[in-house]
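Me: I am new to this structure and should like to learn how to read its features. May we go through them one at a time?

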Amino acid sequence: MIYEVFLKKDGRDEYRHAGALEAANDELALVLARESYLRRAEGSRLWLARRDHIIEGGTDFVAPNADKPHRHHDGQAVAAHRKQVREDRS
Amino acid sequence: MTDSTTHSTIDFLLTFADDEHLMGQQHTEWIGITPFLEEDLAFSSIGQDELGHAVMLYELVLELQGIEATDTAIDELAYRRTDEEYRSSAFVEYSTEDWAQALVRHWIYDTVEEQRWNMVAESSLQPLREVSVRAGREEVYHRRHANALLDSLLTSDAARQKLLDALEVLTPLVPSLLAPAPSEQAALNDGVVGGSSAALDSLLVEAIQDRFGVEVSFATIDQPPQARLTRSEHFAPLIGRMREVLDYDPEASW
């Protein structure tokens, strides 16, 4: 089985994806991930997730939102509008 | 400490240190050739841990000898004694290219090593107690690693047979690992160690029964009376490999 490896350092950093490894079971995955990914103190906590347990949204599902520019506004139009309304009222 | 106490303590520490040193060397010789990459990293890390334990024990020896524990002094002690001055067991001197043997030996060695650290956890020698805490922590991982692999492999008939064959090859060597330091009784009397290596025999027999479902007996295996004072035929080539780089340029500073 393939396991995805996530590491977290002490403090406020979030878990970050570090790589993957193949192992026959959960315990072996833990034992092997420790020396493959943490032997130089790259993190102080470890998550392993079986790849087949990950719920994936593929590009076909996710991509269409890229062609909706109205969802990508940077707030300038709204800010300008609010300013205009404030000025009109005063 | 009196001179004779110092002498017996040093002898006791060297017996442990030399096993750690040679076991570490044997494990690290698998780098690049274990059956898969992750195991390559794990197994050589474990080997490095054992080498680290050896260094800590050699440092204690040098301290008792009144020698400053510089890298050069540690190397001198670790690599430059005569064959007779080493106290290693035939069990760790034995070199193998068989992965099943390397794995079973790892499990047996760490089963025994864990107990050896426990036996010095209350030592009258304070720095040895400290070393045992650190090494004991690492042993938890070593044992878990060996057991995880064996748990998995023993479910396959083909792998199980290879492991049992390996156990059969290693069994005659086990008494050498259990053989006490020549000075063990003195170290016991001085409180340097809290238990005798004779106690390890039945413990290991039981552990092997639980682990492999096989009954072994070490008592019936012929053993030289002072096993720790003689080296097996595997020692010379092994120490030769270990000295190879040092010998290449003896004056080099590391």
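Me: Where does A:Ala41 lie in chain A?

Reply: A:Ala41 is found in the loop that joins helix 1 and strand 3 (45-50) of chain A. Please keep in mind that this is a predicted model.

Me: What is the phi of A:Ala41?

Reply: The phi of A:Ala41 is positive, about 55°, although the residue is not a glycine.

Me: Is A:Ala41 buried or exposed?

Reply: One counts the neighbouring C-beta atoms within 10 Å, and a residue with 12 or fewer is exposed. A:Ala41 has 7 other C-beta atoms within that distance, so it is exposed.

Me: How many residues does each chain bring to the contact?

Reply: Chain A gives 10 residues and chain B gives 10 residues. On the side of chain A, helix 1 (residues 26-37) supplies the largest share, six residues. Sorted by class, that side of chain A holds five nonpolar, two polar and three charged residues.

Me: How do the axes of helix 1 of chain A and helix 6 of chain B cross?

Reply: For a pair of helices one reads a distance, an angle and a hand. The axes of helix 1 of chain A and helix 6 (residues 126-153) of chain B come within 9 Å and cross at roughly 145°. Their crossing is left-handed.

Me: Which residues meet there?

Reply: From helix 1 of chain A come A:Glu27, A:Leu28 and A:Val31, which meet B:Arg144, B:His145, B:Ala148, B:Leu149 and B:Ser152 of helix 6 of chain B. The residues of this contact comprise four nonpolar, two polar and two charged.

Me: Which residues have the most contacts inside the largest nonpolar core?

Reply: They are A:Leu32 and B:Val104, in a core of 41 residues. Helix 5 (residues 99-119) of chain B contributes the most to this core, seven residues. Leaving aside residues up to four places away in sequence, B:Val104 touches B:Leu163, B:Ala166, B:Leu167 and B:Leu170. Another core, of 25 residues, lies apart from the largest one and includes B:Leu14, B:Ala17, B:Trp117 and B:Val131.

Me: Why should helix 2 of chain B span 42 Å?

Reply: The expected span is 1.5 Å times one less than the number of residues. Helix 2 (residues 37-65) of chain B has 29 residues, so it should span 42 Å, and its end C-alpha atoms are indeed 42 Å apart. B:Gly66 follows this helix with a positive phi, near 75°.

Me: What does helix 10 of chain B reach from its first C-alpha to its last?

Reply: Helix 10 (residues 198-212) of chain B, with 15 residues, reaches 22 Å, close to the expected 21 Å. Just after helix 10 of chain B comes B:Gly213, whose phi is positive at about 65°.

Note on methods: Residues are numbered from 1 along each chain as its sequence is written. Chains are lettered from A and ligands numbered from 1 in the order in which they are written. This is a predicted model: local features need pLDDT of at least 70, side-chain atom pairs count only at pLDDT 80 or more; totals for chains, interfaces and linings use all residues. Two residues are in contact if their C-beta atoms, placed from the backbone, lie within 7 Å. Helices (H or I, at least four residues) and strands (E, at least two) are DSSP runs, numbered from the N terminus. Ala, Val, Leu, Ile, Met, Phe, Trp, Tyr, Cys and Pro count as nonpolar, Asp, Glu, Lys and Arg as charged, and the others, Gly among them, as polar. Axes are lines fitted to C-alpha atoms, for helices over the stretch in contact, and angles run from 0 to 180 degrees between N-to-C directions. A crossing is left-handed if the near helix is turned anticlockwise from the far one by less than a right angle, and right-handed if clockwise. A nonpolar core is a set of buried Ala, Val, Leu, Ile, Met, Phe, Trp, Tyr and Cys residues joined through C-beta atoms within 7 Å. A residue is buried if 20 or more other C-beta atoms lie within 10 Å of its own, exposed if 12 or fewer, and partly exposed in between; C-beta atoms are placed from the backbone.
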